[in-house]
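The exercises below are meant to be worked through with the sequence and the 3D view open side by side. Try each task before reading its solution.

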Amino acid sequence: MPYEVVRYERDPATMLAPPSLRKIHPLGKSPVVTDDGDTVAESGAVVEYLVERYGNGRLVPPRGSPERQRYTYWLHYAEGSAMPPLLLKLIFDRIGSSPSPFFVRPIIRGIVGKVNGTFIRPQLDLHLDYMEGELAKSAWFAGDDFTAADIQMSFPVEAARARGGLDQGRPKLWRFLERAQQRPAYRAALERGGPYQLAS
Ligand SMILES: N[C@@H](CCC(=O)N[C@@H](CS)C(=O)NCC(=O)O)C(=O)O
């Protein structure tokens, strides 16, 4: 489908989107799609909208199939379960490295280290091991065919590679990302949208 990309640059200090994005959607977060007068926010909802409206049955397993159930699960899991510990990692790493008066620095580092060690790292490992195990069952998350759930899952897996400790020690997950990003459609989108870098 033809489309236009509108870029909103983050404020480099706060890392938040500019207020102008709130004119498109009250939360002012990306991604947002505007199509035919409708504005759709929340990446999972955007994916479902595009698949339903323009997919013609592609990128989604047939209704009622076991693959469809898995598809729905991964579509929600990506933002609902995989992203929260990755976001916490980003925030706590930033807190740990941001400037602070020297006398409170050891306390801040101590708290960050404790939260990372007792909660964030174990949660990330739990999720990464789980995803690695699931990819041993089929070529893609919902089954042997690539679906829109893999598109949605590619973001947390990419974030896990950037900041969550995903390396080649989890070969199936590592290869999942490589395979997803080698697809001509991904390359075309990247060419269109331009290079990007995930915060780490
Ligand atoms: N759960 C939402 C997350 C949206 C979100 O937080 N987007 C980030 C970019 S990945 C954002 O817009 N951050 C800027 C801000 O919060 O101002 C989704 O899946 O769309």
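**Exercise 1: a residue in a helix**

Task: decide whether Asp93 is buried, partly exposed or exposed.

Solution. In this predicted model, Asp93 has a relative accessible area of 29%. Buried means under 20% and exposed means over 50%, with partly exposed in between, so Asp93 counts as partly exposed. As for its place in the fold, Asp93 belongs to helix α2, which comprises residues 66-97. From C-alpha to C-alpha, Asp93 lies 15 Å from Met83, and the two are ten residues apart in sequence.

**Exercise 2: the surroundings of Gln152**

Task: find out whether Gln152 is buried or exposed, and which residues it touches beyond those up to four places away in sequence.

Solution. Begin with the location, which is helix α4, made up of residues 148-163. Next, take the relative accessible area of Gln152, which is 7%; because the limit for buried is under 20%, Gln152 is buried. Then look at its contacts: leaving aside residues up to four places away in sequence, Gln152 touches Ser43, Gly44, Val47, Leu75, Ala78 and Glu79. With Ser43 there is also a polar contact between the two side chains, at 3.0 Å.

**Exercise 3: the shell around the ligand**

Task: list the residues around the ligand, and say which of them lie opposite its nitrogen atoms at the distances 2.8 Å, 2.5 Å and 2.9 Å.

Solution. The residues around the ligand are Arg10, Leu16, Ala17, Gly28, Lys29, Ser30, Pro31, Glu42, Ser43 and Glu79. Sorted by class, this shell holds three nonpolar, three polar and four charged residues. For the distances, a polar backbone atom of Ser30 is 2.8 Å from a nitrogen atom of the ligand, while an N or O atom in the side chain of Glu42 is 2.5 Å from a ligand nitrogen. In the case of Glu79, a polar side-chain atom is 2.9 Å from a nitrogen atom of the ligand. On its own the ligand has 510 Å² of accessible area, of which the protein covers 74%.

**Exercise 4: a pair of strands**

Task: describe how strands β1 and β2 run relative to each other, and which residue in β2 stands opposite Thr34.

Solution. Strand β1 (residues 32-35) and strand β2 (residues 38-41) run antiparallel and are joined by four bridges. Within this pairing, the residue opposite Thr34 is Thr39 in β2. Finally, consider the link: β1 and β2 form a hairpin with two residues between them, and Asp36 in the turn has a positive phi of about 55°.

Definitions and conventions. Residues numbered from 1 in each chain as written. Predicted model: local features only at pLDDT ≥ 70, side-chain atom pairs only at ≥ 80, totals over all residues. Heavy atoms only, no water. Near = heavy atom within 4 Å. Polar contact = N/O pair within 3.5 Å; in protein donor to acceptor, adjacent residues only side chain to side chain. Areas by Shrake-Rupley, 256 points an atom, 1.4 Å probe, with all protein chains shown as cover. Nonpolar A, V, L, I, M, F, W, Y, C, P; charged D, E, K, R; others polar. Buried < 20%, exposed > 50% of the residue type's maximum accessible area, 1.4 Å probe, protein only. Contact = heavy atoms within 4.5 Å. Pairing = 2+ DSSP bridges.
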